[in-house]
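Welcome! Here is a short briefing to help you find your way around a structure you have not met before. Please have a look at the sequence and the model first.

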Amino acid sequence: MGDAAAEDANRARDTKNAQDADKASDADEARDSAPRVEVPRAPAPGGSVVWHHKGRGWLALGMWSERREGLGEDAEPLLVHHGPTREGVVGVFDGAGGAGASIVAVSRTGVPRTGAWVGSRTARRCVEGWFLERLEDRKPFETESLRSSLAAELAGARPRVPSRILGSMRRVLPSTMAAVRYRVEDGRVECEALWAGDSRAYALTPDGGLQALTRDHTVETDALEQLVQDPPLTNMLCADRDFTVESHPVALDGPCVLVCATDGCFGYVDTPSDFERHLLGTLMESGDERDWAERLAARVSGYTGDDASLCLAAFGFSGLGDLRERFGDRLRELEGRYAAEAEAADDDDPAARGRWRERAWRDYREGYELLMPPLEGGR
C-alpha cells in the first residue's frame with residue numbers, strides 16, 4: 001500500500017542511501033516480474049491518507065496519519081498480495097523518534113529528515129523487497145534472512161557523518177516493525193508474525209475477537225501497564241546495534257482479519273479492549289471499504305497523541321456487508337461488557353477509574369493473549 005515516501009531527497013545531507021529512503025520504490029517494483037497493481041493513496045479528512053482494495057475472497061485497507069504535517073515518522077503501511085499463490089505480507093513501521101531524533105537527511109524542499117524517519121522507510125522497503133525476492137525465486141521465508149537483509153539495508157543507509165547527539169538510548173535509523181506473512185489455502189490462513197519493538201500484529205475473528213500475535217519488546221509485558229507506563233523498548237531495528245526479528249507462526253481458521261498497527265493506534269486508549277471497539281465500531285458505521293478506512297483514520301486521529309498507521313487484510317468474507325454481519329454480535333458483546341461501565345467511570349476519581357480499568361482488563365485478557373507467543377523462560 002503506497003510508496004514509502006512522498007518526495008525525492010536529492011539534497012540528502014549525509015548519504016545516498018538516506019536519499020533513497022525518500023524516493024518511490026521504482027527499483028523494488030522493477031524486481032517483481034509479475035503484473036503489479038498499486039493501490040492508490042487517497043487523502044482523507046483531517047490530513048490522513050487511506051487505501052482500500054477488494055479482491056476475490058479478500059479485502060484490505062490501510063490508514064496513515066501524522067501529528068506534525070510532513071514530519072510523520074511512521075512509514076506508510078505495507079500490503080503485498082500475490083494472487084496466483086494467495087500469499088502476501090502486511091506490515092507497519094514506526095520510526096523511533098526519541099532514539100532517532102538526529103537529522104540525517106534533507107529533502108529537496110528543505111524538510112529535515114530524522115534518523116527515525118529514514119529508518120522506518122528503509123525497513124519498509126527492505127521487507128517488501130525481501131518478500132518479493134523470496135516469492136519470485138521460491139526461496140524459503142527464513143526469519144534470519146529477513147533480519148540479515150534489514151541489518152544490511154539499515155547499515156548501508158547509515159549516515160557517513162556520526163551524530164553529535166550521544167547517549168545510551170540513541171540509535172542510528174531506529175524503527176519498530178510488525179508484519180504478518182500469510183498464505184491462504186482451503187479456508188485456512190497460515191500466518192507468521194514478524195516483529196521488532198512495540199508495533200503489533202493481531203488476528204481478528206468473529207468468535208475470538210482481537211487477539212495479539214506479537215508480544216512487545218519492552219521491559220513491561222502487561223498490556224494495561226504499558227498504557228500507563230509507556231515502557232522503554234528492549235529491541236528495535238537500527239543500523240548501529242544488533243537486533244532480533246522475532247517470529248511466531250499461527251494457523252487461523254477462516255474467516256479472519258489480519259491487523260498490523262503502530263502504537264499510535266492502540267497506545268492512547270483506556271483499556272486494550274477499546275482498540276477492538278474502535279475497529280468494529282467504525283466498521284459498523286461504514287458504507288464501503290474507503291468509508292471504513294476514513295472513519296477509522298478519523299477515530300484514531302481523534303484520540304492519539306502520535307503518528308499512527310494501520311493495515312488490515314480480511315479473508316473468507318464475501319464483502320464488507322458480510323464482515324459487518326459476522327462481527328455484529330461481537331461488537332454488541334463488547335459494548336455490553338465494557339462501554340456502559342466505561343461511560344459510568346468517574347474521571348474525577350482516578351482510583352475508581354483505575355479499578356474499573358483493571359477489572360475490564362482481567363475480563364478481556366485471556367482471549368486477547370490466547371494466540372500470543374509465550375514469555376521468555378515461561379514467565
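The points below cover a pair of packed helices, some aromatic rings and one arginine.

Please keep in mind that this is a predicted model. A good place to begin is helix H7, which spans residues 272-285 and packs with helix H8, residues 289-303. From there, phenylalanine 275 leads on to the aromatic residues, since it lies in helix H7 and pairs with tyrosine 202 of strand E10.

**Two packed helices**

- Two packed helices are described by the angle between their axes and the distance between the axes.
- For H7 and H8, the angle is about 140° and the axes are 8 Å apart.
- Angles over 145 degrees would count as roughly antiparallel, and H7 and H8 are therefore oblique to each other.
- The crossing in which H7 passes H8 is right-handed.
- On the H7 side, the contact is made by Phe275, Arg277, His278, Leu279, Gly281, Thr282, Leu283 and Glu285.
- H8 contributes Asp291, Trp292, Arg295, Leu296, Arg299 and Tyr303 to this contact.
- Sorted by character, the residues of the contact of H7 with H8 are 6 nonpolar, 3 polar and 5 charged.

**Aromatic rings**

- The count of aromatic pairs comes to 11.
- In one of them, the ring centres of tyrosine 202 and phenylalanine 275 are 5.6 Å apart and the planes are at 55°, so the pair is tilted.
- Tyrosine 202 lies in strand E10 (residues 200-205) and phenylalanine 275 in helix H7, so this pair ties together parts that are 73 residues apart in sequence.
- Tyrosine 202 is buried, with a relative accessible area of 1%, and phenylalanine 275 also counts as buried, at 1% relative accessibility.
- Tyrosine 364 and tyrosine 368 have ring centres 5.8 Å apart and planes at 35°, so this pair is tilted too.
- Both of these tyrosines, 364 and 368, sit in helix H10 (residues 350-368), where they are 4 residues apart, about one turn of the helix.
- Tyrosine 364 and tyrosine 368 are both buried.
- One aromatic cluster is formed by Tyr202, Phe266, Phe275, Tyr338, Trp361, Tyr364 and Tyr368.

**A buried arginine**

- Arginine 181 has its place in strand E8, which runs over residues 175-185.
- Its relative accessibility is 16%, and buried means under 20%, so arginine 181 counts as buried.
- Leaving aside residues up to four places away in sequence, arginine 181 touches Glu87, Gly88, Val89, Trp130, Phe131, Phe141, Glu190, Cys191, Glu192 and Leu194.

Key
Residues are numbered from 1 along each chain as its sequence is written. This is a predicted model: local features need pLDDT of at least 70, side-chain atom pairs count only at pLDDT 80 or more; totals for chains, interfaces and linings use all residues. Side-chain values use heavy atoms; hydrogens and water are left out. Axes are lines fitted to C-alpha atoms, for helices over the stretch in contact, and angles run from 0 to 180 degrees between N-to-C directions. Helices (H or I, at least four residues) and strands (E, at least two) are DSSP runs, numbered from the N terminus. Angles under 35 degrees count as roughly parallel, over 145 as roughly antiparallel, 65 to 115 as roughly perpendicular and the rest as oblique. A crossing is left-handed if the near helix is turned anticlockwise from the far one by less than a right angle, and right-handed if clockwise. Contact means heavy atoms within 4.5 Å. Ala, Val, Leu, Ile, Met, Phe, Trp, Tyr, Cys and Pro count as nonpolar, Asp, Glu, Lys and Arg as charged, and the others, Gly among them, as polar. Rings of Phe, Tyr and Trp (its six-membered ring) pair if their centres lie within 6.5 Å; planes under 30 degrees apart count as stacked, over 60 as edge-to-face and the rest as tilted. Buried means under 20% relative accessible area, exposed over 50%, partly exposed in between (1.4 Å probe, protein chains only).
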